[in-house]
Amino acid sequence: MQPVYLDNNATTRTDPAVVQVMLPYFSEQFGNASSAHTFGSEVAGALREARKRLQALLGAAFDYELVFTSGGTESDNAAILSALATQDGRNEIVTTAVEHPAILNVVEHLDKSAGITTHFIGVDECGRLDVAAYERALGPRTAIASVMWANNETGTLFPVEQLAEIAHRAGALFHTDAVQAVGKIPIDLKATKIDMLSLSGHKLHGPKGIGALYVRKGTKFSPLIWGGPQERKRRGGTENVPSIVGLGKAAELASAHLAEERTRVLALRERLERGICAQIGHCLTIGDGKNRLPNTSNIAFQYLEGEAIIDRLNRQGVAASLGSACASGSMEPSHVLRAMNVPMSALRGAIRFSLSRDNTEDEVDRVLQVLPDIIVKLRELSPSWQKRANGALADPPRLTELTL
Ligand SMILES: *Cc1c(COP(=O)(O)O)cnc(C)c1O
């Protein structure tokens, strides 16, 4: 039996159509886009086409607002460092406590080493940003506010259009890490005040090692990578042509499948959550029940360790991940769930199921077949579950009980 892959927020399968369009750029079409002959001009044309496809997916006003990078991490770093370099007299960053490490670790590093002050804005128990605290943290010293569009662990969506306007009132730039949002929800950058946006190819059925940073026309920019005049001098280095062409195709496919994300993928997610809820007690959905990516489900199985659940699911051919993919391998509970004050008894047993257009109803049903048994067996082995059953342990405060 084919394994069931429900870890699409970690990475997605490269669409076969993406692989197909990339292949010629390793062989016949090997030119350098900067060369003044046909080999070069053909490749330059392919890059232009890819940029246009990405522009369409994002609703950007101009194709040159996109800078190709090596992925989401580079785009995030470039945005933050550019703002600090170009916003004279401003040395503060406003961000959130639940960002991806690609933002958190660069701003923490800057905070320690470079005379930069960072404000980390907290979230409530559903993962919603404290917008009043965000507004208070912004001021005449803020160079940039950076808030992710969608959280990778819980799928919670942030009101980035509104947050961008608030940042502008303080004269600060606004950046969003939209790696998890692009391709899953409609985006129309023209209609927003967002100055910079990060995306990554491999989170939307494109190749790994390619991404882009949107930089709104008129936004001052200082490169992270200095070199040749590629990308209008905003990112040096000969372009990664096959991957850029692949990202363009992935963007085109994402545009075509956007409606499906909100209908079929959402229906699969609801089938999964309803099925789990109907069969298994003491589980909680984590995240904003309403404002959430259509594909993401973070469910805490109380009194259990997530690692054990993942391991048994894996043995049954189901790939999911811990509530935090980035905390996996370490025993540290996820910074996102801690910021949300998820009770300890639930936090350790949080599992993230992240779906994509590749998934089917049969696959969801297979998970629903194997999961209840896994949970029952593991709970029989769980000391805290036994204590609770004996009445020696009170149930923790309820989160959003799984009600659909
Ligand atoms: C995966 C991810 C990144 C990192 O992107 P890479 O292309 O893997 O560097 C950044 N931010 C978020 C929210 C992500 O999910």
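The following paragraphs describe the overall dimensions, the two sheets and the aromatic side chains of a predicted model. Residues are numbered from 1 along each chain as its sequence is written, and side-chain values use heavy atoms, with hydrogens and water left out. Local features need pLDDT of at least 70 and side-chain atom pairs count only at pLDDT 80 or more, whereas totals for chains, interfaces and linings use all residues.

The protein contains 13 helices and 13 strands, taken as DSSP runs numbered from the N terminus (helices H or I, at least four residues; strands E, at least two). Its radius of gyration is 22 Å, close to the 22 Å that the globule rule gives for 404 residues, so the protein is as compact as a globular protein of that length. This radius is taken over C-alpha atoms, and the globule rule is 2.2 Å times the number of residues to the power 0.38. The C-alpha trace spans about 75 × 50 × 35 Å along its principal axes. Of the 404 residues, 58% are buried (buried means under 20% relative accessible area, exposed over 50% and partly exposed in between, with a 1.4 Å probe and protein chains only). Among contacts with a separation of 6 or more, 75% are made by residues 24 or more positions apart, contact being defined as heavy atoms within 4.5 Å.

One open sheet comprises seven strands in the order β2-β8-β7-β6-β5-β3-β4, with mixed pairing; two strands pair if DSSP finds at least two bridges between them. Strands β2 (66-69) and β4 (117-121) stand at the edges with a single partner strand each, so one side of each is left without a neighbour in the sheet. From one strand to the next, the twist averages 20°. Angles run from 0 to 180 degrees between N-to-C directions, and axes are lines fitted to C-alpha atoms, for helices over the stretch in contact. Five bridges join β3 (residues 92-96) to β4 in the parallel sense, and isoleucine 93 has threonine 118 of β4 as its bridge partner. Helix α4 (residues 101-113) packs on this sheet, where it touches β3, β4, β5 (142-146) and β6 (173-177), and its direction makes about 140° with that of β4.

A further open sheet has four strands in the order β9-β10-β13-β12, with antiparallel pairing. Its edge strands, β9 (283-286) and β12 (321-322), each pair on one side only. Four bridges link β9 to β10 (residues 296-301) in the antiparallel sense, and asparagine 298 in β10 is the bridge partner of isoleucine 286. Helix α8 (residues 241-279) lies across β9, β10 and β13 (350-354) and runs at about 15° to β10.

Three aromatic pairs were counted, where rings of Phe, Tyr and Trp (its six-membered ring) pair if their centres lie within 6.5 Å, with planes under 30 degrees apart counted as stacked, over 60 as edge-to-face and the rest as tilted. Phenylalanine 30 and phenylalanine 39 form a tilted pair, because their ring centres are 5.3 Å apart and their planes at 40°. Phenylalanine 30 counts as exposed at 54% relative accessibility, whereas phenylalanine 39 is partly exposed at 44%. The rings of phenylalanine 62 and tyrosine 64 are stacked, because their planes lie at 15°, with centres 5.2 Å apart. Phenylalanine 62 is partly exposed at a relative accessible area of 32%, as is tyrosine 64 at 23%.

Tryptophan 385 is associated with two arginines: arginine 379 lies over the face of its ring, 4.5 Å from the ring centre, and the charged end of arginine 388 sits over the ring at 5.0 Å from the centre. Such a placement requires NZ of Lys or CZ of Arg within 6 Å of the ring centre and within 35 degrees of the ring normal.
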